[in-house]
Amino acid sequence: MIGDSIFEADLGRTAANFAPETPLTFLTWAAQVYPDKIAVVHGQKRFTYREFDQRCRRLASALQRRGIDVGDTVAVMSPNAPAMLEAHFGVPMAGAVLNALNFRLDAPGIAFILSHGEAKLLITDREMSPVIKQALAKQERRIPVVDIDDVLAEGGELLGETDYEALLAEGDPDFRWQPPADEWQAITLNYTSGTTGNPKGVVYHHRGAFLNALGNALVFGLSRDSVYLWTLPMFHCNGWSYPWAVTAVAGTHVCLRRADPALIFPLIKQHRVTHLCGAPIVLNMLVHAPDDQKVRFEQTVEVATGGAAPPSAIIAAMERMGFRVTHLYGLTESFGPSTYCAPKAHWAGADLETKAREMARQGVRYPTLFEQAVLDPATMAPGPADGETIGELMLRGNTIMKGYLKNPKATTDSLAGGWLHTGDLGVVHPDGYVEIKDRSKDIIISGGENISSLEVEETLYRHPQVMEAAVVAHPDDKWGETPCAFVTLKPGAKDVTAENIIQWCRERLAHFKAPRTVVFGPLPKTSTGKIQKYVLRQRAKEF
Ligand code: ADP
């Protein structure tokens with residue numbers, strides 16, 4: 001036992017050799033080391049690291065003066081503008097917990113979160129006021145509101161008693177914030193999208209946010225020369241922990257209110273952007289942007305993608321446009337990314353298609369994650385690393401959530417047996433790289449055989465006229481289920497028939513995996529840009 005060791009006697013933990021880990025120290029550090037460096041760009045506005053730090057301290061101090069205390073929730077509804085970034089530091093500097101709201105939710109969704117998360121204060125961008133006004137009308141408590149009157153907002157009612165800049169003016173720019181008494185203290189609250197029933201409130205801790213930020217910086221190669229464009233919404237798992245990661249290297253944050261290719265390409269050129277993140281559909285949008293929007297840039301731009309499986313065709317198309325893709329996997333419960341497809345030496349000589357197919361694997365754990373494994377959820381035993389034996393991907397370590405707010409049953413189930421159960425089914429290849437085959441609820445079972453919907457989609461995306469595809473189970477009397485494909489064709493595609501698509505798949509997949517039914521049209525998406533397979537499953541039942 002370590003307590004009896006000679007290395008324990010008289011060698012205790014003191015303030016000299018132990019401090020709670022928190023990502024808030026990254027900002028203090030950046031402001032001390034690079035006070036005059038540009039930290040934040042927003043339209044014509046610029047904030048140096050000194051100013052960014054002072055604005056966050058002001059926010060923390062003003063919140064405390066208004067009675068916000070340790071452990072209180074502060075909700076923020078804002079696109080990727082400076083106030084949202086500042087909230088990632090200022091709110092926890094006051095000891096409070098940031099609840100970044102998903103601005104694509106409707107009023108009942110927001111109303112549920114404000115009430116379940118017990119927000120003590122709401123800071124909201126004026127453009128979001130129609131939904132917020134309705135959500136507030138549904139509250140039993142009165143929640144004080146602060147309006148963000150952002151220079152780039154396109155109108156919208158002001159709902160609150162005060163304005164964000166006035167709130168900052170109330171605060172002390174030299175406010176001495178206290179680190180959390182315990183690094184396990186809550187830092188943020190993020191709601192999952194709740195495809196079945198009410199969303200769950202995932203609680204993050206300071207320690208995990210600190211570590212995952214550093215994991216991001218290592219895996220994505222961030223440095224003080226990095227210029228990070230905010231194409232990924234900060235409400236999604238706190239922007240996958242990037243507000244803290246970019247600050248940890250004193251990089252430059254370029255804000256962006258809308259992930260629109262017409263804005264993204266010019267900003268990449270203008271600010272010499274080096275890094276950005278986005279779900280595969282954002283990448284697909286960049287790939288299929290009209291030619292006149294695709295402003296050319298000279299630098300290689302690093303793009304991290306995840307949140308859903310990126311088809312290899314999208315990875316390859318991005319690389320052809322001058323981006324270098326890093327594939328990340330993770331979930332809200334793991335502070336965003338936990339896993340990445342670490343680059344391999346032989347990719348340098350490989351043709352793009354082969355490389356992109358390998359890059360489409362989810363890969364290995366972040367260096368900051370303790371362990372990842374594919375286990376049989378019934379026995380918790382690992383299977384062979386043969387690229388075929390399917391199990392559930394499980395994660396454990398210091399970058400896993402504290403649990404779900406006010407939901408002990410869901411927390412216990414999710415963390416049972418000392419692992420986070422991701423609900424994703426995958427295999428381990430002989431090189432140790434994990435490949436996700438499906439979310440457990442999406443896998444198709446046909447004649448007793450498993451069909452990975454992702455594998456069929458991967459084949460569909462390689463069809464030259466297919467822009468988007470999703471495959472779900474279609475009930476079948478004989479086989480139990482058969483694959484049904486929903487397909488959106490590229491603009492200008494012609495003469496593509498269902499038979500044509502089925503034939504394409506039969507030539508490239510085992511015949512039982514090829515879709516039996518093909519439906520053309522737009523695909524329904526969730527508020528975080530994922531295809532809503534449960535809606536498609538419902539539709540597939542109707543024919
Ligand atoms: P929600 O559950 O609300 O969609 P999350 O962002 O937590 O929100 O979703 C996490 C899920 O997204 C994972 O469990 C997995 O199914 C999917 N996912 C994330 N990244 C990838 C990836 N790189 N490849 C395949 N699936 C992914």
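**Exercise 1. The shell around the ligand**

How do the residues of the shell around the ligand divide into nonpolar, polar and charged? Work in this predicted model, and then establish which strands supply the shell and which polar contacts reach the ligand.

*Solution.* Begin with the composition: the shell around the ligand divides into 5 nonpolar, 9 polar and 3 charged residues.

Next, consider proximity, for which the 17 residues around the ligand include S193, T332, D424, R439 and K530 as those that come nearest.

Then trace the shell back to the secondary structure. Both β14 (323–331) and β20 (420–428) supply at least two of its residues each, and β14 accounts for the largest share, namely 5 residues.

Turn now to individual atoms. A polar side-chain atom of H236 is placed 3.0 Å from an oxygen atom of the ligand, while H327 has a polar side-chain atom 2.7 Å from a nitrogen atom of the ligand. For K530, a polar side-chain atom lies 2.7 Å from an oxygen atom of the ligand. As a last step, take the ligand's surface: alone, the ligand exposes 570 Å², of which the protein buries 91%.

**Exercise 2. The cysteines**

How many disulfides does the structure hold, and why do C237 and C277 not form a bond?

*Solution.* The count comes first: the structure holds 0 disulfides.

Now test the pair by distance. A disulfide needs two cysteine sulfur atoms within 2.5 Å. For C237 the closest cysteine sulfur is that of C277, at 11 Å, and because this is too far for a bond, the pair does not qualify. Seen from the other side, the closest cysteine sulfur to C277 belongs to C237, again at 11 Å and too far for a bond.

Finally, examine the surroundings of each residue. C237 counts as buried at 4% relative accessibility, and C277 likewise counts as buried, at 0%.

**Exercise 3. Aromatic pairs**

How many aromatic pairs does a search of the whole structure find? Describe the geometry and the placement of two of them.

*Solution.* The search of the whole structure yields 11 aromatic pairs.

Take F103 and F235 as one of these cases: their rings are 5.0 Å apart centre to centre, with 90 degrees between the planes, and the pair is edge-to-face. F103 belongs to the loop between β4 (97–100) and α4 (107–116), and F235 to the loop between β10 (227–229) and α8 (237–240), so the pair ties together parts of the chain that are 132 residues apart in sequence. In exposure, F103 is partly exposed, with a relative accessible area of 22%, whereas F235 is buried, with a value of 6%.

For the second case, the ring centres of F297 and F323 are 5.3 Å apart and the planes stand at 65 degrees, so this pair is edge-to-face. The pair links distant parts of the chain, since F297 sits in the loop between α11 (280–287) and β13 (301–305) and F323 in strand β14, 26 residues apart. Both F297 and F323 are buried.

A further grouping completes the picture: F220, Y228, W230 and Y242 form one aromatic cluster.

**Exercise 4. Positive phi angles**

Where do D10 and K406 lie in the chain? Give the phi angle and the exposure of each.

*Solution.* The background is that most residues other than glycine have a negative phi.

Against this, D10 has a phi near 65 degrees, a positive value in a residue other than glycine. Its place is in the segment before α1 (24–33), and D10 is exposed, with a relative accessible area of 79%.

K406, which is not a glycine either, has a positive phi of about 50 degrees. This residue lies in the loop between β19 (403–404) and α14 (408–414), where K406 is partly exposed, at 46% relative accessible area.

**Exercise 5. Two helix residues**

Which helix holds E458, and which holds Q538? Add the exposure of each residue, together with one distance that involves it.

*Solution.* E458 lies in helix α15 (residues 453–461) and is buried, with a relative accessible area of 16%. Its side chain is joined to that of S312 by a polar contact of 2.4 Å.

Q538 lies in helix α17 (residues 533–541) and counts as partly exposed at 45% relative accessibility. The C-alpha atoms of Q538 and F370 are separated by 39 Å, these residues being 168 residues apart along the chain.

Methods:
Residues are numbered from 1 along each chain as its sequence is written. This is a predicted model: local features need pLDDT of at least 70, side-chain atom pairs count only at pLDDT 80 or more; totals for chains, interfaces and linings use all residues. Side-chain values use heavy atoms; hydrogens and water are left out. Helices (H or I, at least four residues) and strands (E, at least two) are DSSP runs, numbered from the N terminus. Buried means under 20% relative accessible area, exposed over 50%, partly exposed in between (1.4 Å probe, protein chains only). A residue is near a molecule or strand if one of its heavy atoms lies within 4 Å of it. A polar contact is a pair of N or O atoms within 3.5 Å; within protein, one must be able to donate a hydrogen and the other to accept it, and residues adjacent in sequence count only if both atoms are side-chain atoms. Accessible areas come from the Shrake-Rupley method with a 1.4 Å probe; for residues, only the protein chains shown count as cover. Ala, Val, Leu, Ile, Met, Phe, Trp, Tyr, Cys and Pro count as nonpolar, Asp, Glu, Lys and Arg as charged, and the others, Gly among them, as polar. Rings of Phe, Tyr and Trp (its six-membered ring) pair if their centres lie within 6.5 Å; planes under 30 degrees apart count as stacked, over 60 as edge-to-face and the rest as tilted.
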